[in-house]
Amino acid sequence: MIDSPRVSVAIPIYNEEEVVPLLIQRTTTALDGLPGGPHEVVLVDDGSSDRTAEILESAALEDPRLVVVALSRNFGHQTALAAALDHCSGGVVVLMDGDLQDPPEAIPTLVETYRQGYDVVYVQRVNRKEAWWLRLCYYLFYRLLAALSPIKLPVDAGDFGLMSRRVVDEIRRMPEHHRYLRGMRSWVGFRQIGVPIERSARQAGITKYSPLKLLKLASDGIFAFSIVPLRAAAILGALAIGASFLFALYALYVKFWLHAPQGFTALLIVMTFLSGVNLFFLGIIGEYVGRVYEEAKARPHYIVRKVVGRRALLGASTTRTRLRV
């Protein structure tokens, strides 16, 4: 068994003014029941436009366990998670969302499992409270990505989970901009285990993941951890060449042996199909090329506007702008 670690809870937040007070209260209560410490909660304000930043900063000035990292604008959920990891100082880090769909009361369970010798304890979501069609999309996506990826990716596992310090340090060394943290966590390796935990309903407000943002996250996961779409283009191209050769033989047979007049229907269908396939796979290739272009620019992943809390008062840097090259 591993000794009781110092726990950092990393939480990205965007426009959650209705949830933040209860989030802080439930999270700090969960940490109060853990041995070791002093524990900390790192809350990253991802450019909120409501009163979220004000509420967070006021709470951080009152509670020395809280550290608030305010970003200069909205950089996105996965980037805010990266910012949280950069500012966590604990021996283990628990990642969770700020809408309380990830219950803070599960943190002791994650820590206890970690003490059994695991570097990663990820949460497998059960009994989700979303609409049936959204649950179906999640179900299909996780299994599709697991089938396409050359590494073992757990199904039904989101960002909620615990990572040891060495796993966090390895993830921080990864420079990619289009981040899919749950896949990066699996790629690192070490001993990993899943813990089934019921996914709670959102406490208040509306979800910040629109269908378009969910699609973008899914595409980041697929393009970051699989080259199967590129191989599929080559395979389909080979099949199209074979089908074209067979159709050419059929057309010659009809012309010279059956003497039947040729129509344009089959030709138009084939041309339309192949043109659509060609454009589709050009788009897929463009996604990979676009990601290479984004990495080549080597811009910072995020920019910190200010840090409020104990670590800032102790002289921790407030200009950690994620300059990764």
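What follows is a short chat about reading strands, salt bridges and a surface patch in a predicted model.

Colleague: Let's start with the strands. How many residues of β2 are buried?

Modeller: Six of its six, so to speak the full run of residues 40-45, since buried means under 20% relative accessible area. Look at the side chains next: Glu40, Val42 and Val44 point one way from β2, while Val41, Leu43 and Asp45 point the other way. Both sets are buried.

Colleague: Which strands does β2 pair with, and in what sense?

Modeller: Take β1, residues 7-13, to begin with: β1 and β2 pair in the parallel sense over six bridges. To find the register, look for isoleucine 11, which stands opposite leucine 43 in β2. Between the two strands the chain passes through helix α1 (residues 20-32), and this β-α-β crossover is right-handed. Then there is β3, residues 66-71, joined to β2 by five bridges and also running parallel. Here valine 42 stands opposite valine 67. The chain gets from β2 to β3 through helix α2 (residues 52-62), in another right-handed β-α-β crossover.

Colleague: On to charges. What should I look for in a salt bridge?

Modeller: Side chains of opposite charge can pair when their charged atoms come close. The structure holds 13 salt bridges. One of them joins aspartate 159 to arginine 182, with the closest N and O atoms 3.0 Å apart. That pair links distant parts of the chain: aspartate 159 sits in strand β6 (residues 157-164) and arginine 182 in helix α7, 23 residues apart.

Colleague: Are those two partners buried or exposed?

Modeller: Aspartate 159 counts as buried because its relative accessible area is 3%, and arginine 182 is buried too, at 10%. Helix α7 itself (residues 181-188) is mostly covered, with seven of its eight residues buried. Right after α7 comes glycine 189, with a positive phi near 95°.

Colleague: What about aspartate 63 and its salt bridge with arginine 65?

Modeller: The closest N and O atoms there are 2.9 Å apart. Aspartate 63 counts as buried because its relative accessibility is 16%, whereas arginine 65, at 24%, counts as partly exposed. Salt bridges that share partners join Asp32, Asp63 and Arg65 into one network.

Colleague: And where is there a nonpolar patch on the surface?

Modeller: Look at a group of residues including Phe245, Leu249, Tyr253 and Trp257; the patch has about 1000 Å² of accessible area together. Leucine 249 lies in helix α9, residues 228-258, and counts as partly exposed because its relative accessibility is 43%.

Methods. Residues numbered from 1 in each chain as written. Predicted model: local features only at pLDDT ≥ 70, side-chain atom pairs only at ≥ 80, totals over all residues. Heavy atoms only, no water. Patch = residues over 30% accessible without salt bridge, like charges linked within 9 Å, V, L, I, M, F, W, Y side chains within 5 Å. Areas by Shrake-Rupley, 256 points an atom, 1.4 Å probe, with all protein chains shown as cover. Salt bridge = Lys/Arg side-chain N within 4 Å of Asp/Glu carboxyl O. Helix = DSSP H or I, 4+ residues; strand = E, 2+ residues; numbered from the N terminus. Buried < 20%, exposed > 50% of the residue type's maximum accessible area, 1.4 Å probe, protein only. Pairing = 2+ DSSP bridges. Right-handed = clockwise from strand over helix to strand, strands pointing away.
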